[in-house]
Amino acid sequence: MARKSGSLVGGWKPIEDIKDPHVQELGEFAVSEHNKEAKKNLKFDQVVRGDTQVVSGLKYRLVVTAKDGSVKNEYEAIVWEKAWLGFKNLTSFKQL
């Protein structure tokens with residue numbers, strides 16, 4: 001297997017700076033897209049942890065907290081991004 005800077009190519013790598021504004025923006029995007037697709041009204045709170053995977057672009061596996069009314073839950077969101085094309089796609093969203 002090919003290795004690159006100590007991590008397996010194609011493997012998931014933890015996001016070191018979870019408070020990075022771009023990471024938080026992707027979490028907000030995921031909740032917003034889920035709301036549109038599922039006709040929900042979740043309110044994004046924050047990304048609490050996540051990983052990235054190099055694909056054709058980057059895939060983000062994020063654990064976000066969001067409020068459903070007065071109840072705060074954790075959700076796993078997978079967002080695929082090709083930043084150079086301005087492309088973002090929510091590929092999965094589920095409650096944990």
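Trainee: Let me jump right in. What is the place of lysine 39 in this chain?

Mentor: Lysine 39 is in the loop between H1 and S4. Keep in mind that we're looking at a predicted model.

Trainee: Is lysine 39 buried or exposed?

Mentor: Exposed: the cut-off for that word is over 50% relative accessible area, and lysine 39 comes out at 71%.

Trainee: And what about its backbone? What is the phi of lysine 39?

Mentor: General idea to begin with: most residues other than glycine have a negative phi. Lysine 39 goes the other way, with a positive phi near 55° in a residue that isn't glycine. You'll find it just after H1.

Trainee: Let's zoom out. Which elements does the chain have, from the N terminus on?

Mentor: The run is β-β-β-α-β-β-β-β. That comes to one helix and seven strands.

Trainee: How do I read the overall dimensions? What radius of gyration does the chain have?

Mentor: The chain has 14 Å, and a compact globule of 96 residues would have one near 12 Å, so the two agree. The C-alpha atoms fill a box of roughly 45 × 25 × 20 Å along the principal axes. As for the inside, buried residues make up 36% of the 96. You can also ask how far along the sequence contacts reach: of those with a separation of 6 or more, 41% are between residues 24 or more positions apart.

Trainee: Now the strands. What is the order of strands in the open sheet?

Mentor: Read across the sheet, the order is S3-S4-S5-S6-S7, five strands with antiparallel pairing. The edges are strand S3 (13–14) and strand S7 (87–95), each pairing on one side only.

Trainee: How many bridges join S5 to S6?

Mentor: Eleven, between S5 (residues 57–68) and S6 (residues 71–82), running antiparallel. S6 and S7 pair in the antiparallel sense too, over eight bridges. You can follow a path across these strands: arginine 61 has isoleucine 78 in S6 as its bridge partner, and isoleucine 78 in turn has serine 92 in S7.

Trainee: What do S6 and S7 form together?

Mentor: A hairpin, with four residues between the strands. In the turn, glycine 86 has a positive phi of about 70°.

Trainee: Where does helix H1 pack?

Mentor: Helix H1 (residues 21–38) packs on the sheet, where it touches strand S4 (43–55), S5, S6 and S7. The direction of H1 makes about 70° with that of S7. As a check on its length, 18 residues at 1.5 Å a residue should span 26 Å, and the end C-alpha atoms of H1 are 26 Å apart, which agrees.

Trainee: Which residues of H1 are buried?

Mentor: Here's the general idea: an α-helix has 3.6 residues a turn, so residues three or four places apart point the same way. In H1 the buried residues include Val23, Leu26, Gly27, Ala30, Val31 and His34. The buried residues of H1 pack against S4, S5, S6 and S7.

Trainee: What happens at the start of H1?

Mentor: There, a side-chain oxygen of aspartate 20 reaches to within 2.7 Å of the backbone nitrogen of histidine 22.

Trainee: Let's try a single helix residue. What does histidine 34 touch?

Mentor: Beyond residues up to four places away in sequence, histidine 34 touches Lys39, Lys40, Leu42, Leu90 and Phe93. So our exposed loop residue, lysine 39, turns up again here as a neighbour of histidine 34. Histidine 34 itself is buried, with a relative accessible area of 16%.

Trainee: And in the strands, is valine 64 buried or exposed?

Mentor: Buried, at 0% relative accessibility. Valine 64 is in strand S5, and its contacts beyond four places in sequence include Gly27, Val31, Phe44, Tyr75 and Phe93. Look back at H1: Gly27 and Val31 are among its buried residues.

Trainee: One last strand residue: what is threonine 52 in contact with?

Mentor: Leaving aside neighbours within four places, threonine 52 is in contact with Gly11, Trp12, Lys13, Ile15, Leu58, Lys59 and Tyr60. Threonine 52 lies in S4 and is buried, at 16% relative accessible area.

Technical notes
Residues are numbered from 1 along each chain as its sequence is written. This is a predicted model: local features need pLDDT of at least 70, side-chain atom pairs count only at pLDDT 80 or more; totals for chains, interfaces and linings use all residues. Side-chain values use heavy atoms; hydrogens and water are left out. Two strands pair if DSSP finds at least two bridges between them. Helices (H or I, at least four residues) and strands (E, at least two) are DSSP runs, numbered from the N terminus. Contact means heavy atoms within 4.5 Å. Axes are lines fitted to C-alpha atoms, for helices over the stretch in contact, and angles run from 0 to 180 degrees between N-to-C directions. The expected span of a helix is 1.5 Å times one less than its number of residues. Buried means under 20% relative accessible area, exposed over 50%, partly exposed in between (1.4 Å probe, protein chains only). A polar contact is a pair of N or O atoms within 3.5 Å; within protein, one must be able to donate a hydrogen and the other to accept it, and residues adjacent in sequence count only if both atoms are side-chain atoms. The radius of gyration is taken over C-alpha atoms; the globule rule is 2.2 Å times the number of residues to the power 0.38.
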